[in-house]
Amino acid sequence: MTIETPKRLRIVIPVFNDWESLNILLRELDAVAPALPYRVVVSAVDDGSIQSSEGMLTSVEHLQSLEEVEIVRLSTNVGHQRAIACGLCLACDTADMDAVLIMDSDGEDPPQTIPELLAATSGKKDFCVVGARRKRSENFTFRMSYIIYKNVFKAVTGKRIGHGNFSLLSAGYASRLVMLPDLWNNLAAALMRSRLPIHQVFIDRGTRYAGKSKMNFTSLIVHGFSAISVYADTIFVRLLLATLVGAGITVVASTTAILLRLFVPAYATPGWATTVTFSLIIIVLQAFFTSLTSLLSLLNNRVQRLILPIVDYKPYVRTVEKIFSRTQSA
């Protein structure tokens, strides 16, 4: 009779100076862990924090259910999304997990909702479950900015994005995701672009544990463009098609202006037809050549070596520090 080894869930959490929130999150995860059908390992990715974690993670001394907690120290600050990519790549490289969960450290991804994500896997071997936002807790300005971002994303890419970092992947799907260059820019957009079957679970956004959010208006714009850049080829093709449509409209408008000038001179100011026609032609030509140049530049980049997260993350990882192990503490 063989005894089946419990499956292992690795939780990847990017952290930048937010040790107080992480301390609370570890306590919350420890409370949730007994209800999960996994042995839970936590990997906190220190994204080049300036503030030291020493003396901040006091909850580690009282953990009862988590199996391990480690801090992955990055050599420099690479940004929230690339810190996630590094943590995810390291998790796949160690090959000691059956599933990986990505979540933020500030409490806005509630640990109590993890069983809901797991329930959505329905016993499947491979799965990709994301926590879609149902209710947000930020201020009005941030919420409106986020709505604008989602609408712009939909307008330029034709895709609707409704989830963030909170996501659960099987080991098989995670190993496919870390092979995509898009992961280096934005996790949510990379998941959409990966063509993995995504299952959404609607979850209310939690409230921040401590401190203030690092995501300001500028950060949101950068984050938005990072997500949009994943669909750069789609955007450039759409711009080129829009330019061609504009060229068609210009031909019609120019023809109309010339006909009015020739056959209805009483309503035509001298020189206006020439001015309108040449202005429209110049605008369309500028838009066309800008779009064409951008598209050719994008296609040329395909022959260059792209970032491969599973290979290129390694120089950024300085150390992996295990700060808690249940086997050692026992």
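This is a short tour of a predicted model, stop by stop, with residues to select in your viewer.

**Stop 1: a charged patch on the surface**

Start by selecting K150, K154, K159, R160, R195 and R238, which gather on the surface as a patch of positive charge. Now keep R160 highlighted. You will find R160 in the loop between α4 (140–157) and β6 (163–170). Is R160 buried or exposed? With a relative accessibility of 66%, R160 is above the 50% cut-off, so R160 counts as exposed.

**Stop 2: along the chain into β6**

From that loop, move on to strand β6, residues 163–170. The setting changes here: eight of the eight residues of β6 are buried, so the strand is largely enclosed by the rest of the structure. Next, add β4 (residues 99–102) to your selection. The strands β4 and β6 run antiparallel, and four bridges join them. To see one position in this pairing, show V100, which stands opposite L169 in β6. While the strands are on screen, a general point may help you read them: side chains in a regular strand alternate between the two faces of the sheet.

**Stop 3: salt bridges between distant parts of the chain**

Side chains of opposite charge can pair when their charged atoms come close. In this model the count comes to 12 salt bridges, and a few of them are worth a visit.

Select D46 and R73 to begin with. These two form a salt bridge, with 2.9 Å between the closest N and O atoms. D46 belongs to strand β2 (residues 39–46) and R73 to strand β3 (residues 68–74), so the pair links distant parts of the chain, 27 residues apart. Both D46 and R73 are buried.

Go next to D106 and R208, whose side chains meet in a salt bridge at 3.2 Å, N to O. D106 sits in the loop between β4 and α3 (114–119), while R208 sits in the loop between β7 (199–204) and α7 (217–229), so this pair ties together parts that are 102 residues apart in sequence. Here, too, D106 and R208 are buried.

Now select R205 and E108. Their salt bridge has its closest N and O atoms 2.3 Å apart. R205 is in the loop between β7 and α7 and E108 is in the loop between β4 and α3, a link across 97 residues. Are these partners buried or exposed? R205 is buried, with a relative accessible area of 14%, and E108 counts as buried at 8% relative accessibility.

To finish this stop, select R8, R10, R39, E67, E68, E70, D96 and K322 together: salt bridges that share partners join these residues into one network.

**Stop 4: two pairs to measure across**

For the first pair, find N77 in the loop between β3 and α2 (80–94). N77 is partly exposed, its relative accessible area being 40%. Draw a distance from N77 to I50: the two are 27 residues apart in sequence, and their C-alpha atoms are 9.3 Å apart in space.

For the second pair, go to A189 in helix α6 (residues 187–193). A189 has 0% relative accessibility and counts as buried. Now add A227, which is 38 residues from A189 in sequence and 5.4 Å from A189 in space, C-alpha to C-alpha.

Notes. Residues are numbered from 1 along each chain as its sequence is written. This is a predicted model: local features need pLDDT of at least 70, side-chain atom pairs count only at pLDDT 80 or more; totals for chains, interfaces and linings use all residues. Side-chain values use heavy atoms; hydrogens and water are left out. Patches are made of residues with over 30% relative accessible area and no salt bridge: like charges are joined within 9 Å, nonpolar side chains (Val, Leu, Ile, Met, Phe, Trp, Tyr) within 5 Å. Accessible areas come from the Shrake-Rupley method with a 1.4 Å probe; for residues, only the protein chains shown count as cover. A salt bridge is a side-chain nitrogen of Lys or Arg within 4 Å of a carboxyl oxygen of Asp or Glu. Lys and Arg count as positive and Asp and Glu as negative; His and the chain ends are not counted. The place of a charge is taken as NZ of Lys, CZ of Arg, CG of Asp or CD of Glu. Helices (H or I, at least four residues) and strands (E, at least two) are DSSP runs, numbered from the N terminus. Buried means under 20% relative accessible area, exposed over 50%, partly exposed in between (1.4 Å probe, protein chains only). Two strands pair if DSSP finds at least two bridges between them.
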